[in-house]
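Visitor: I should like to learn how to read the main features of a protein model. May we work through one together?

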Amino acid sequence: MTDAAELATQRHVPADLPERIQHYIGGVFTDSVDGATFDVLDPVSNETYLRAAAGRRADVDAAVAAARRAFADGPWPRMLPRERSRVLHRIADIVESRDARLAELESFDSGLPITQALGQARRAAENFRFFADLIVAQSDDTYKVPGRQLNYVNRKPIGVAGLITPWNTPFMLESWKLAPAIATGNTVVLKPAEFTPLSASLWAGIFEEAGLPRGVFNLVNGLGEEAGDALVRHPDVPLISFTGESRTGQIIFANAAPYLKGLSMELGGKSPAVVFADADLDAAIDATIFGVFSLNGERCTAGSRILVERAVYDEFVERYAAQAKRVRVGHPHDPATEVGALVHPEHFEKVMSYIELGRTEGRLVAGGGRPEGLAEGNFVAPTVFADVKPEARIFQEEIFGPVVAITPFDTEAEALELANGVRYGLAAYVWTNDLKRAHNFSQAVEAGMVWLNSNNVRDLRTPFGGVKASGLGHEGGYRSIDFYTDQQAVHITLGAVHSPTFGRADGPGH
């Protein structure tokens with residue numbers, strides 16, 4: 001096994017990296033109208049490895065115009081679901097066939113461990129395959145009043161969907177929005193996160209090869225406050241789907257309000273993992289270690305607050321800390337790495353500031369800084385704080401890194417109060433062998449998604465979304481179809497028409 005000192009000297013650079021990334025508008029790669037660019041860093045060296053076109057309002061205007069033309073005049077919205085499905089399946093085939101290359105680029109650009117990046121690339125293919133199947137199998141409601149009326153629902157694509165995606169698992173999360181938006185016949189403008197634009201730039205070639213008509217997919221890189229804001233405020237973009245932090249979601253909500261846009265926003269999280277004394281501790285420890293340290297801790301559904309019943313608290317903390325210390329931190333391209341490099345030096349500094357704060361708010365039992373032998377790059381050792389009070393900032397605020405707070409509880413009521421005692425409500429994890437308690441606690445916890453005796457295992461048919469500060473609306477399965485389509489009710493009279501008649505010559509209407 002490679003030791004830490006040797007790892008510190010390694011830096012894997014994929015072959016054939018581009019030196020620049022352009023926008024993709026109307027089927028053509030193009031620079032920004034004003035020629036502006038921004039630097040993109042790799043998180044191991046924090047050196048600039050390419051420059052990306054920095055989109056502003058003029059670039060967004062051009063992308064929206066191309067998408068609007070493709071929607072109004074192009075074939076895509078008018079194709080049969082089966083025809084669109086074939087294209088989506090070809091997209092999935094291409095992504096699957098290139099999963100190793102996609103994972104290599106994603107790992108280099110984002111700092112994700114290569115094995116986890118590979119899993120995300122395969123999940124991206126599955127997202128397209130899922131919606132390719134769903135639009136063919138989909139059925140809409142019909143309501144009959146025998147002999148009198150027939151009512152049915154007609155779904156129609158809405159228009160240009162604006163998709164704004166984050167820097168954690170970017171390729172997969174882009175697919176999570178692109179697949180249903182395109183499957184339902186819309187056209188799109190994608191604004192990927194500025195920290196990780198590399199994998200987003202690959203979609204254009206994949207879509208061209210799969211036969212997606214020009215203008216259906218458009219890509220504008222740039223900063224959120226420039227390109228993202230222009231997309232949110234554009235009057236010809238009726239839909240915005242956003243994944244990111246809650247503060248940015250509030251800004252988008254306010255800026256979209258004058259246009260009465262459809263919004264789907266999956267925002268931040270500070271999800272609890274509640275471990276009762278009767279739980280299988282081996283399984284709970286494995287799952288909660290994975291739940292907060294996988295994907296470098298940069299995951300919205302991370303169980304970053306672990307609430308443990310006092311009867312097993314000391315044992316849990318001791319075993320959890322010992323296992324956290326064994327989690328392998330290393331260079332992202334190493335298959336043995338379990339935690340790679342955080343995405344950007346700005347985010348690294350944020351996470352480290354919370355670790356310093358945590359030293360005053362809890363008992364440090366693992367980690368607490370850089371791993372030994374990794375003096376450069378955005379590497380953080382898996383960090384565990386015990387005895388954290390519910391008023392502590394590390395208990396209340398989203399850190400979005402490999403940092404966890406553990407807090408004891410004495411009663412089920414106290415556990416529920418602690419679980420619900422933050423502004424977020426995305427996910428929750430409950431560990432108990434008491435079936436009655438499992439179901440009752442799950443229904444009482446303020447979270448959009450709950451996993452019982454499980455880590456985060458997704459079924460693509462189920463709704464994905466949160467409550468409180470964790471989001472607005474749900475996507476996933478038919479919920480995505482609902483968001484990306486207008487549902488038009490059509491009413492047909494089958495019998496004699498009976499309408500009150502106003503203005504009759506022989507008396508009042510009846």
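The dialogue below takes up confidence, sheets, a hairpin and pockets in turn.

Visitor: What is the mean pLDDT of the protein chain?

Guide: This is a predicted model, and pLDDT is the predictor's confidence in each residue, from 0 to 100. Here the mean over the protein chain is 95, with 97% of its residues at 70 or more. Residues 1-8 have a pLDDT below 50, and beyond near neighbours in sequence this stretch has 15 contacts in the model.

Visitor: In what order do the 7 strands of the open sheet stand?

Guide: Two strands are taken as paired if at least two bridges are found between them. In this case the order is β15-β16-β17-β14-β13-β18-β19, and the pairing is mixed. The strands β15 (363-366) and β19 (449-452) stand at the edges with a single partner strand each, so one side of each has no neighbour in the sheet. On average, neighbouring strands of this sheet are turned by 20 degrees against each other, direction ignored.

Visitor: Which way do β14 and β17 run, and how many bridges join them?

Guide: Strand β14 (residues 305-309) and strand β17 (residues 403-409) run parallel and are joined by 5 bridges. To locate this pairing in the model, one may select Leu307, whose bridge partner in β17 is Thr407. Helix α14 (residues 412-419) packs on the sheet and touches β13 (272-275), β14 and β17. The direction of α14 makes about 150 degrees with that of β17.

Visitor: Which strands does helix α12 lie across?

Guide: Helix α12 (residues 345-361) lies across β15, β16 (383-386) and β17. With β16, helix α12 makes an angle of about 30 degrees.

Visitor: How many residues lie between the strands in the hairpin of β6 and β7?

Guide: There are 3 residues between the strands, and Gly147 in this hairpin takes a positive phi near 75 degrees. Strands β6 (residues 142-145) and β7 (residues 149-157) run antiparallel, with 4 bridges joining them. Lys144 has Leu150 in β7 as its bridge partner. Strand β7 also pairs with strand β21 (residues 485-493) in the antiparallel sense, over 9 bridges. Within β21, Val490 stands opposite Tyr152.

Visitor: What should one expect of the side chains in a regular strand?

Guide: In a regular strand the side chains alternate between the two faces of the sheet. A further sheet on which to practise is the open one of 3 strands, with the order β1-β5-β4 and mixed pairing. Its edges are β1 (20-21) and β4 (37-41), each with a single partner strand, so one side of each is left without a neighbour in the sheet. Strand β1 runs parallel to strand β5 (residues 48-53), joined by 2 bridges, and Ile21 has Ala52 in β5 as its bridge partner.

Visitor: Let us turn to pockets. What is the volume of the largest pocket, and which residues are the closest to its centre?

Guide: The largest pocket has a volume of about 1,200 Å³. It is lined by 38 residues, and Trp167, Phe242, Gly244, Glu245 and Thr248 are the closest to its centre. Two or more lining residues come from each of α8 (224-233), β11 (239-243), α9 (246-256) and α12. Helix α9 gives the most, with 6 residues. By class, the lining has 14 nonpolar, 12 polar and 12 charged residues.

Visitor: How do the residues lining the second largest pocket divide by class?

Guide: They divide into 8 nonpolar, 13 polar and 7 charged. This second largest pocket holds about 520 Å³ of space. Of its 28 lining residues, Gln120, Arg123, Met172, Leu295 and Arg299 lie nearest its centre.

Definitions and conventions:
Residues are numbered from 1 along each chain as its sequence is written. This is a predicted model: local features need pLDDT of at least 70, side-chain atom pairs count only at pLDDT 80 or more; totals for chains, interfaces and linings use all residues. Side-chain values use heavy atoms; hydrogens and water are left out. Axes are lines fitted to C-alpha atoms, for helices over the stretch in contact, and angles run from 0 to 180 degrees between N-to-C directions. Contact means heavy atoms within 4.5 Å. On a 1 Å grid over the protein atoms alone, a cavity is a set of points where a 1.4 Å probe fits but cannot get out, and a pocket is an open set with protein on both sides within 12 Å along at least five of seven lines; lining residues have an atom within 4 Å of a point. Grid points are joined across faces, edges and corners, and a volume is the space filled by probe spheres set on the points. Ala, Val, Leu, Ile, Met, Phe, Trp, Tyr, Cys and Pro count as nonpolar, Asp, Glu, Lys and Arg as charged, and the others, Gly among them, as polar.
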